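Q: I would like to learn how to read a protein model, one feature at a time. Can we go through one together?

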Amino acid sequence: MEEVFHCVSKPPFRLVLESDKQPVIADMVEQQEEDQSDHARFHKTLRVMSCTTAEELHQALQASYDSFTDQYGVVLFLYSLLMTKGLANVKNEMEDASEPLVDGTYGHGSQSLVNLMLTGNAVSHVFDNEKEVDGLKMRGITVQPSSGFLTMLEHFRYCEVGWCLKNPTHPIWVLGSETHLTVFFTKEMSLVAPESKWERARRVFCQYDTQDSGFIQKILLQDVLQVLQLVAIPE
């Protein structure tokens, strides 16, 4: 849990917790006075705790561990990440800012939400870097996360998961299916071996091949060689 906060943002970190004190984010939640449902009462008790250092975050998470494992723990964790990241930053990273992070009917988390928790960026796609389709730039994953992501939809060729999500720094993956997410892991560290020179060269090349055509413009060749720290003599 603590690592996800560091992945999402730098300090200050903000924890959303339950409290008997006057709530400080009540105006952010739509509610009616006569609404006495469990979720309404829950939202009336929320407050925000700010942690300015990693040590303060660690101590706060230890002290509030029971809250995050209680009935509304997942909701508190989600709210904490969103408050830490900043709602404006989350919307700016999403391809469609009007898309809900959680499906209102089935409760499924969107790909933007999954990516936010795995990589710290709420982008809407799972491929590496950026792609350009008919003049529209679509943002993908640009960092190697500590935990990866795979999806059964790739088997049906509905999407393509990039190298970054397939090759996390730890052998832990979230597997997405049509209806749910599953976490699986192993102690076999060879499955997350460091990126080879060929893999890095291919990833950098694809970063400049935004149309996924297998070619790049001649004027971009020098940039590719410089990123790979190869000899690049200007013409």
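Q: Is cysteine 7 buried, exposed or partly exposed?

A: First, keep in mind that this is a predicted model. Relative accessible area is the value to look at, and between 20% and 50% a residue counts as partly exposed. Cysteine 7 has a relative accessible area of 29%, so it is partly exposed.

Q: How many disulfides are there?

A: A disulfide is a covalent bond between the sulfur atoms of two cysteines. The rule used here asks for two cysteine sulfur atoms within 2.5 Å. The count by this rule is zero disulfides. For cysteine 7, the closest cysteine sulfur belongs to cysteine 164 and lies 12 Å away, which is too far for a bond.

Q: Why does cysteine 51 form no bond with cysteine 7?

A: Again, look at the distance. The closest cysteine sulfur to that of cysteine 51 is in cysteine 7, and because the two are 17 Å apart, they are too far for a bond. Cysteine 51 has a relative accessible area of 2%, so this residue is buried.

Q: At what angle do helices α5 and α7 pack?

A: For two helices, read the angle and the distance between the axes. Helix α5 (residues 73-85) packs against helix α7 (residues 111-119) at about 75°, and their axes are 12 Å apart. An angle from 65 to 115 degrees counts as roughly perpendicular, so α5 is roughly perpendicular to α7.

Q: Which residues make the contact?

A: From α5 come Phe77, Leu78, Leu81, Leu82 and Lys85, while α7 supplies Leu113, Leu116 and Met117. Sorted by class, the contact has seven nonpolar residues, one charged residue and no polar ones.

Q: In what order do the strands of the open sheet stand?

A: To read a sheet, list its strands in order and then find the edges. The order of this three-strand sheet is β5-β6-β7, with mixed pairing. β5 (148-151) and β7 (181-185) are at the edges with a single partner strand each, so each has one side without a neighbour in the sheet. On average, neighbouring strands are turned by 25° against each other, direction ignored. Helix α7 packs on the sheet and touches β5, β6 and β7.

Q: In which sense do β6 and β7 pair?

A: Strand β6 (residues 172-176) pairs with β7 in the antiparallel sense, over five bridges. Glycine 176 stands opposite leucine 181 of β7.

Q: Where is asparagine 129 found?

A: Asparagine 129 is in the loop between α7 and β3 (130-133). Its relative accessibility is 7%, so asparagine 129 counts as buried. Leaving out residues up to four places away in sequence, asparagine 129 touches several residues, including Met138, Arg139 and Cys206.

Technical notes. Residues numbered from 1 in each chain as written. Predicted model: local features only at pLDDT ≥ 70, side-chain atom pairs only at ≥ 80, totals over all residues. Heavy atoms only, no water. Axes fitted to C-alpha atoms, helices over the stretch in contact; angles between N-to-C directions. Helix = DSSP H or I, 4+ residues; strand = E, 2+ residues; numbered from the N terminus. Parallel < 35°, antiparallel > 145°, perpendicular 65-115°, else oblique. Contact = heavy atoms within 4.5 Å. Nonpolar A, V, L, I, M, F, W, Y, C, P; charged D, E, K, R; others polar. Buried < 20%, exposed > 50% of the residue type's maximum accessible area, 1.4 Å probe, protein only. Pairing = 2+ DSSP bridges.
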